[in-house]
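Here is a small set of exercises to work through with the model open beside you. Try each task before reading its solution.

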Amino acid sequence: MTAFFTRHYYAVSLILVTLALGLFALNFERRRPRTRELVLIAVLVALAVVSRAVFYFLPQVKPVMAVIIIASVALGARNGFAIGALTGFVSNFIFGQGPWTPWQMLAFGLVGCLAGAAFAPARLPRGRWLIAAFGGLATLALYGPIVDTASVLLFTQNLSWQTAWPIYAAGVSFNAIFAASTFVFLALFGPALEGALTRVRKKYGLR
Amino acid sequence: MPADSSRANAFATLHPALSIGYFVFVIGVTVFTAHPVLLACSVLGALLLSLQLRGLRATAKLLVGLAGLALFAAAINPLFNHQGVTILGYIDGNPLTREALLYGVALAAMLVAVLLWFSCYNQVVTHEKFLAVFGRVAPALALTTSMALRFAGRYLRQLKTITAAQRGLGRVRQGDGYTVRQGDGSSVLSEIRQKNRPPVSQCTRPPVSDRPPVSLRLRSGFAVLSILTSWALESALDTADSMHARGYGLPGRSAYQPFRFSARDAGALALMLACAAVVIVALTSTVVSAQYLPAFLLNQGAGLPGAVRGAITAGAYGAFGLLCLAPTLFNLQEEVAWRISRSTI
């Protein structure tokens, strides 16, 4: 029996990822977010995108994830997913859309969602080192594997460990640098960014 | 008619929903089937369109950049996948099979085709078109996305102002890296793209030994970013209040639609649907199919009579070939029509 599509692993996974992002979109629209919330999310997404450009003088060192995590910790899990997914989408308008966009959106979104959930009030304390450790770990163990898995699905026909490991191995150094820079950014400048967010929220009486 | 209605990119003047649907279908077939004939059509179509829209230089540059990735894709399968039935030889005791080699080549072609299509997509479906289409389906998300895109450009300009002020205070040194180059201001994207190149100021930067250490540059970089954050959040909340005051989100309000569905769009849609239908029938009946591993099987379809299968196969190849070449032909035809009408004046 010939498969409907030769590359059904890629097809099915792409459909699932699109479905997940679609469900998020539906949930977001249904919630009818208030104007202030919408604008705040747009600002944080734009800041994350711009932060990718500010530090261009150090290759592979990107504070995008640090900005997403701080924003998600401040605004909660649901908005965290929105900020992460939209950052992936919007920054790819600038750095190039491609077959990786849906996975990148999902990976950024999930890290944001997890950050919002883990550091919600009455859960983990929002300590500088705890958030930094979380950011490094989430980048290494969640963002990296998801984006690498997208490459595995794109590069191979039948999922097998034999063909998958060289692709994961090729990604390790990139993920490690990204995770380390996320850790450093969060540890050094996380509190400053969080402070700026909290100050504005207090001043304008948001939540 | 939108501003980008140049003859060279007449395809881009079609309704954006059509363009988006076109790219989704062509890229989808390319990625999911990996059929050698369909892949060849796709590579050819994407290459011609890229040459037409982006020119020889940009296309060649993209292809050179893609070569490494394509080589990686072509090599990874034969080297690490030993499933195929035809063994060509042994590397370190592991079999090198013809099927894995073929699949590697098909994958490389697929990647080249997809990335070429995406480079054309970025020329045809600009973000305002994308947002115009999805603004109806997901208005809140489309609005947020479009605001984020607009803010990104504004923040890069504001960064320049903040950096200048900080420099005046002696906190940031000349050529510290995040000087935003003076663009023509025409588009947000071109400005950000320029930012990713080494700035002009790099030419006049002090020698490496005189520059502040990376840790200091990081620190001043983040100082600027945190000033920007405060400014951005405050001005955005004013924007939000202003939107609220003007009745954003109240029921019964409609959005301006910059793109109209014309008779020409209907004709293009009919042609695309006809071609797509033939391809979809051929693929779902598995009359046109390709399997690489463990054995290479081409067009091993359902138990239809040979003549019918031949007709469907030929139809699918023709339809997909036409579909892949359609944008290039459409642009050419517009160019020819323009030349003729100009020469008869």
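**Exercise 1. Contacts along chain B**

Among contacts in chain B between residues at least 6 apart in sequence, what percentage join residues at least 24 apart?

Solution. Start with the ground rules: this is a predicted model, where local features need pLDDT of at least 70, side-chain atom pairs count only at pLDDT 80 or more, and totals for chains, interfaces and linings use all residues. Residues are numbered from 1 along each chain as its sequence is written, chains are lettered from A and ligands numbered from 1 in the order in which they are written, and side-chain values use heavy atoms, with hydrogens and water left out.

Step 1: a contact means heavy atoms within 4.5 Å.
Step 2: keep the contacts in chain B whose partners are at least 6 apart in sequence; 70% of these join residues at least 24 apart.
Step 3: for chain A, the value computed in that way is 73%.

**Exercise 2. The make-up of each chain**

Find out how many helices and strands each chain has.

Solution. Step 1: helices are DSSP runs of H or I with at least four residues, strands are runs of E with at least two, and both are numbered from the N terminus.
Step 2: chain A has seven helices and zero strands, giving α-α-α-α-α-α-α from the N terminus on. Its radius of gyration, taken over C-alpha atoms, is 18 Å, close to the 17 Å that the globule rule (2.2 Å times the number of residues to the power 0.38) gives for 207 residues, so chain A is as compact as a globular protein of that length. Along the principal axes, its C-alpha atoms fill a box of roughly 65 × 40 × 35 Å.
Step 3: chain B has nine helices and four strands, in the pattern α-α-β-β-α-α-α-α-α-α-β-β-α.
Step 4: now look at burial, where buried means under 20% relative accessible area, exposed over 50%, and partly exposed in between (1.4 Å probe, protein chains only). In chain A, 63% of the 207 residues count as buried; in chain B, buried residues make up 45% of 345.

**Exercise 3. Two helices and their bends**

Compare the end-to-end span of H6(A) and of H2(B) with the expected value.

Solution. Step 1: the expected span is 1.5 Å times one less than the number of residues.
Step 2: H6(A), residues 128–155, has 28 residues and reaches 39 Å between its first and last C-alpha, close to the expected 40 Å.
Step 3: H2(B), residues 36–80, spans only 22 Å, whereas a straight helix of 45 residues would span 66 Å.
Step 4: look for bends, each being the angle between axes fitted to the seven residues ending at a residue and the seven starting there. H6(A) has a kink of about 35° centred on Thr139(A), and H2(B) bends by about 120° at Gly55(B).

**Exercise 4. The surroundings of Ser13(A)**

Which residues does Ser13(A) touch, not counting those up to four places away in sequence?

Solution. Step 1: place Ser13(A) in helix H1 (residues 8–30) of chain A.
Step 2: Ser13(A) counts as buried because its relative accessibility is 14%.
Step 3: its partners are Trp103(A) and Leu153(A). Leu153(A) is 140 residues away in sequence, but 8.0 Å away from C-alpha to C-alpha.
Step 4: the side chain of Ser13(A) also reaches the backbone oxygen of Tyr10(A) at 2.9 Å. This is a polar contact: a pair of N or O atoms within 3.5 Å where, within protein, one must be able to donate a hydrogen and the other to accept it, and residues adjacent in sequence count only if both atoms are side-chain atoms.

**Exercise 5. Cysteines in chain B**

How many disulfides does the structure hold?

Solution. Step 1: the test is a pair of cysteine sulfur atoms within 2.5 Å.
Step 2: the structure holds zero disulfides over all chains. Cys41(B) is in none, and its nearest cysteine sulfur, that of Cys324(B), is 5.7 Å away.
Step 3: Cys41(B) counts as buried because its relative accessibility is 17%, and Cys324(B) counts as buried at 0%.
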